[in-house]
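Open the model in your viewer and keep the selection panel at hand. The stops below say what to select next and what is there.

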Amino acid sequence: MFRLLFFTLVVLTIFSILFSACGANPGASGGKLTVVATTTLVGDVAANIGGDLIDLSVMMPVGADPHSFEPAPADISKVADADLVLVNGIEFEAFLEKLIENAGDESKVITVSDGIEAIAFSQGADEHGEFDPHVWQDPNNVIIWANTIAAALSERDPANAATYRTNADAYTAELQALDSWIQEQLTQIPEANRRFVTEHGTMNYFAVRYGFEVVGAVIPAFSTLAEPSAQELAALADAIRALDVKAILVGNTVNPALASQIAQDAGIQLVPIFTDSLTEPDGDAPTYLDFMRYNVEAIVKALK
Ligand SMILES: [Zn+2]
């Protein structure tokens, strides 16, 4: 009898250790899953799926350049303590390797862009990533993020799986409506004007989805960490003239000086848009949906 009781206790103990190690029974932060998102954009989508059921923190401050961001020791320890870490991937976060090393359990790091067909670089040599990480410039890719996040939350918190699914479905409907609205807005731009130059390689998914040509980028890379050569800048100026490009789109996380100089020299518009970060709540792009609407209105105004 005593033996049986002892055996039962051992089994129960092992079971409870396994159970908590899987994170199925989140203990920290009042029973909520603790989730860290690296970027403001991934954070916004996670907030839409997790709502009040998760304890979410976003690593990068709004307006920071994600390409050059370095996590502080406090960020690293947050990652170590988190149940789940949501990252953009496609080499967007230069610090990712360090972050995974310090995560403790690698399996809690979820790349939300997994399953998205990444666009490869096609404009010459690029040492800072072969593929464009700015996948969110097509809302259809953000639908993939939403589903990936819902699945990751559900796996670690099965009790709330139905709510995560409902939230993901509702947010997907908003993203589909956004996609339709964008297509409708962009019909105002004549075919001959459907091209632009960007500050770094940020708008390829947008261009592919909505039928634009990216003539080039001031920094001919998918990252802001590269620098253009004099020859590359001269070739860009030639292309702007030859193709009668009307605008350079410049993002909110970079120094616009060089793009501004090129626009001025070519006599074309410098159009501020949002590329790599949301804004504070009182700014023009506190959410991803606002971010895209703002960009589309700015592009229509510049090119119609
Ligand atoms: Zn970028």
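**Stop 1: helix α8 and its end**

Select Asp 244, just after α8: its phi is positive, about 50 degrees. Helices here are DSSP runs of H or I with at least four residues, strands are runs of E with at least two, and both are numbered from the N terminus. The model is predicted, so local features need pLDDT of at least 70 and side-chain atom pairs count only at pLDDT 80 or more, while totals for chains, interfaces and linings use all residues. Residues are numbered from 1 along each chain as its sequence is written, and side-chain values use heavy atoms, with hydrogens and water left out.

Now select α8 itself, residues 230–242. Its 13 residues should span 18 Å at 1.5 Å a residue, and the end C-alpha atoms are 18 Å apart, which agrees. The expected span is 1.5 Å times one less than the number of residues.

Show the side chains of Asp 238 and Arg 241. They form a salt bridge, with the closest N and O atoms 2.8 Å apart. The term means a side-chain nitrogen of Lys or Arg within 4 Å of a carboxyl oxygen of Asp or Glu. Both residues lie in α8, 3 residues apart, about one turn of the helix. Asp 238 is partly exposed at 44% relative accessibility; Arg 241 is exposed at 58%. Buried means under 20% relative accessible area, exposed over 50%, and partly exposed in between (1.4 Å probe, protein chains only).

**Stop 2: helix α10**

Select residues 288–303. For these 16 residues the expected span is 22 Å, and the end C-alpha atoms are 23 Å apart, which agrees. Buried residues in α10 include Phe 291, Met 292, Ile 299 and Leu 303. Arg 293 and Asp 290 meet in a salt bridge (3.4 Å, N to O). Arg 293 is partly exposed at 34%, and so is Asp 290 at 24%.

Next, add Ile 189, in the loop between α6 (161–186) and β5 (195–200). Ile 189 is buried, at 3% relative accessibility. Ala 302, another stop in α10, is buried too. Ile 189 and Ala 302 are 113 residues apart in sequence, yet 9.1 Å apart in space, C-alpha to C-alpha.

**Stop 3: strands β5 and β6**

Select Arg 195 and Glu 213. Their side chains meet in a salt bridge (3.2 Å, N to O). This pair links distant parts of the chain: Arg 195 is in β5 and Glu 213 in β6 (residues 213–219), 18 residues apart. Arg 195 is partly exposed at 21%, and Glu 213 is partly exposed at 35%. The whole structure holds 8 salt bridges.
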